Amino acid sequence: VSTIFASVVIVALILGFGAESLVADMVTGIFILFENQYNVGDIIEVGGFRGTVKEIGIRTISIVDGGGNVKIINNADMKNVINRSDLRSVAVCDIGVSYETNLDELDKILPVIFEEIKKKHEDIFTDSIECLGVETLGDSAVTLRIIADVTEQNIFKGKRILNKELKT
């Protein structure tokens, strides 16, 4: 009887240790669902991977990045998550102008250019476009930093449009 009892205890311990990660994933999954910190469709960043939440399950979460790559993460491994959908999103553009450029004159015409860009791409830019000022003094150009309010899903597209429009 003691041998059978010892065998049952050993099997129970093996199953307990083996199911530990499964139980941790499930408990964490329940908290994720009830706490509502992020939902399907939100853009999150976890462990350096940025993507849109595709599916939230009891055991795992599926995230799809901009290239269509799907990352499946165990719920217990969802640590230090940034919900990018809850933050103000800005497209950042650094553009170089020659040292001969009169920056005071440029500051006067940039708002007009920004307004034209915003009107042309009103589906991308949600609010203002503004020049923050001189970012760096390079070897051959003065770099200006320009930012524009966008939705998180348009953050990279907004930057590319700003680069193109300002170059044009």
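Which elements each supply at least two residues of the lining of the largest pocket? Strand S2 and helix H4 do.

## Model and confidence

This is a predicted model, in which local features need pLDDT of at least 70, side-chain atom pairs count only at pLDDT 80 or more, and totals for chains, interfaces and linings use all residues. Residues are numbered from 1 along each chain as its sequence is written, and side-chain values use heavy atoms, with hydrogens and water left out.

The average pLDDT (the predictor's confidence in each residue, from 0 to 100) of the chain is 88, and 98% of the residues score at least 70. Helices (H or I, at least four residues) and strands (E, at least two) are DSSP runs, numbered from the N terminus. Among these elements, helix H1 (residues 2-18) has the lowest mean pLDDT, 76, and S8 has the highest, 94. Where pLDDT is low, the predicted coordinates should not be read in detail.

## The five-stranded sheet

One open sheet has 5 strands in the order S4-S3-S2-S1-S5, with antiparallel pairing. Strand S4 (70-74) and strand S5 (82-83) are at the edges with a single partner strand each, so one side of each has no neighbour in the sheet. Two strands count as paired if DSSP finds at least two bridges between them.

Strand S1 (residues 43-46) pairs with strand S2 (residues 49-56) over 4 bridges. Along this pair, Ile44 stands opposite Gly51, Glu45 has Arg50 as its bridge partner, and Val46 stands opposite Phe49. The two strands form a hairpin with 2 residues between them, and Gly47 in the turn has a positive phi of about 60 degrees. S1 is also joined to S5 by 2 bridges, with Ile44 opposite Asn83.

S2 pairs with strand S3 (residues 60-64) over 4 bridges, one of the partnerships being Glu55 with Ser62. A hairpin through 3 residues joins S2 to S3. Next, 5 bridges join S3 to S4, and Ile61 stands opposite Ile73. The hairpin of S3 and S4 has 5 residues between the strands, and Gly68 there takes a positive phi near 85 degrees. In a regular strand the side chains alternate between the two faces of the sheet.

## The three-stranded sheet and its helices

A further open sheet has 3 strands in the order S6-S8-S7, paired in the antiparallel sense. Its edge strands, S6 (89-97) and S7 (125-137), each pair on one side only. On average, neighbouring strands of this sheet are turned by 20 degrees against each other, direction ignored. For such angles, axes are lines fitted to C-alpha atoms, for helices over the stretch in contact, and angles run from 0 to 180 degrees between N-to-C directions.

Helix H3 (residues 103-120) packs on this sheet and touches S6, S7 and S8, where contact means heavy atoms within 4.5 Å. The direction of H3 makes about 150 degrees with that of S7. Helix H4 (residues 155-167) lies across S6, S7 and S8, and runs at about 25 degrees to S6. Within the sheet, 8 bridges join S7 to strand S8 (residues 142-150), and Glu130 stands opposite Ile147 in S8.

## The largest pocket

A pocket is found on a 1 Å grid over the protein atoms alone, as an open set of points with protein on both sides within 12 Å along at least five of seven lines; lining residues have an atom within 4 Å of a point. Grid points are joined across faces, edges and corners, and a volume is the space filled by probe spheres (1.4 Å probe) set on the points.

The largest pocket has a volume of about 170 Å³. Its lining has 13 residues, of which Ile43, Arg50, Gly66, Gln153 and Phe156 lie nearest its centre. The lining divides into 3 nonpolar, 5 polar and 5 charged residues. Here Ala, Val, Leu, Ile, Met, Phe, Trp, Tyr, Cys and Pro count as nonpolar, Asp, Glu, Lys and Arg as charged, and the others, Gly among them, as polar.
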